[in-house]
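Colleague: I have just been handed this structure and would like to go through it with you. Could you take my questions one at a time?

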Amino acid sequence: MPFALLSLLQVGFCAPDQASTPSEVVELEVLPEEMRGRWGLSDADCSRGGADAEGLMVVTARHFTVYDSRATLREVAHLGPEKVAAEFAFTGAGATWSQDVSLTLAEDGETLRRQETGPQAAPVDLTYQRCDDG
């Protein structure tokens with residue numbers, strides 16, 4: 001019996017420590033740098049601040065905000081420097097929901113189109129202009 005316990009201890013000491021060597025690197029998906037910043041449906045949206053800017057969209061690495069809603073990147077279908085198609089988790093006005101959204105950056109980098117798709121999507125197809133202050 002002592003021999004069996006000694007054998008188990010030796011196996012335990014010889015086994016590799018899998019917790020310290022991850023088998024795969026997980027890459028965090030983020031919205032492209034070119035899309036990040038402040039975007040307005042009109043010049044007034046870029047110049048106004050706070051609640052007055054109903055047409056302002058602010059894009060960060062993992063979120064975008066529009067008026068009273070915040071959308072968090074969830075499941076990505078396509079991720080490229082000029083186009084993102086993904087499911088976003090929205091919160092706002094006391095509610096939460098998920099929505100498929102595509103963001104498409106124009107070649108000149110000065111306009112960003114936001115479209116919402118899916119069976120429960122409202123007909124959203126908006127084109128924003130980059131605000132001068134980024």
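Colleague: To start, how many salt bridges does a search of the whole structure find?

Modeller: The search finds four salt bridges, where a salt bridge is a side-chain nitrogen of Lys or Arg within 4 Å of a carboxyl oxygen of Asp or Glu. Please keep in mind that this is a predicted model, in which local features need pLDDT of at least 70, side-chain atom pairs count only at pLDDT 80 or more, and totals for chains, interfaces and linings use all residues. Residues are numbered from 1 along each chain as its sequence is written, and side-chain values use heavy atoms, with hydrogens and water left out.

Colleague: Before the details, which elements does the chain have, and in what order do they run?

Modeller: There are two helices and eight strands in the chain, and from the N terminus on they run α-β-α-β-β-β-β-β-β-β. Helices (H or I, at least four residues) and strands (E, at least two) are DSSP runs, numbered from the N terminus.

Colleague: Back to the salt bridges: which side chain does D125 meet?

Modeller: D125 meets the side chain of R113 in a salt bridge, at 2.6 Å from N to O. D125 belongs to strand β8 (residues 125-130) and R113 to strand β7 (residues 111-117), so the pair ties together parts that are twelve residues apart in sequence. D125 is partly exposed, with a relative accessible area of 41%, and R113 also counts as partly exposed, at 35% relative accessibility.

Colleague: What do you mean by partly exposed?

Modeller: Buried means under 20% relative accessible area, exposed means over 50%, and partly exposed is in between, with a 1.4 Å probe and protein chains only. Of the 134 residues of the chain, 30% count as buried.

Colleague: And what about E87, which residue is its partner?

Modeller: The partner of E87 is R74, and their side chains form a salt bridge at 3.5 Å, N to O. This pair links distant parts of the chain, with E87 in strand β5 (residues 83-92) and R74 in strand β4 (residues 69-79), 13 residues apart. E87 counts as buried, at 18% relative accessibility, whereas R74 is partly exposed, with a relative accessible area of 47%.

Colleague: Can you give me one more, say R36: what does its side chain meet?

Modeller: The side chain of R36 meets that of E33 in a salt bridge of 3.0 Å, N to O. R36 counts as partly exposed at 24% relative accessibility, while E33 counts as exposed at 55%.

Colleague: Switching to rings, how many aromatic pairs are there?

Modeller: The count comes to three aromatic pairs, under a rule in which rings of Phe, Tyr and Trp (its six-membered ring) pair if their centres lie within 6.5 Å, and planes under 30 degrees apart count as stacked, over 60 as edge-to-face and the rest as tilted. In one of them, the rings of F64 and F88 have their centres 5.1 Å apart and their planes at 65 degrees, so this pair is edge-to-face. It links distant parts of the chain, since F64 sits in strand β3 and F88 in strand β5, 24 residues apart.

Colleague: Are F64 and F88 buried or exposed?

Modeller: Both F64 and F88 are buried. The rings of F64 and F90 also pair, with centres 5.8 Å apart and planes at 80 degrees, so that pair is edge-to-face as well. F64 counts as buried at 1% relative accessibility, and F90 is buried with a relative accessible area of 3%.

Colleague: Which residues form the aromatic cluster?

Modeller: F64, F88, F90 and W97 form one aromatic cluster.

Colleague: What about the backbone, where is phi positive in a residue other than glycine?

Modeller: One such residue is A93, whose phi is near 50 degrees. A93 is found in the loop between β5 and β6 (95-105), and it counts as exposed at 73% relative accessibility. Y67, which is not a glycine either, has a positive phi of about 45 degrees. Y67 lies in the loop between β3 (63-66) and β4, and it is exposed, with a relative accessible area of 51%.

Colleague: Why point those two out?

Modeller: Most residues other than glycine have a negative phi.
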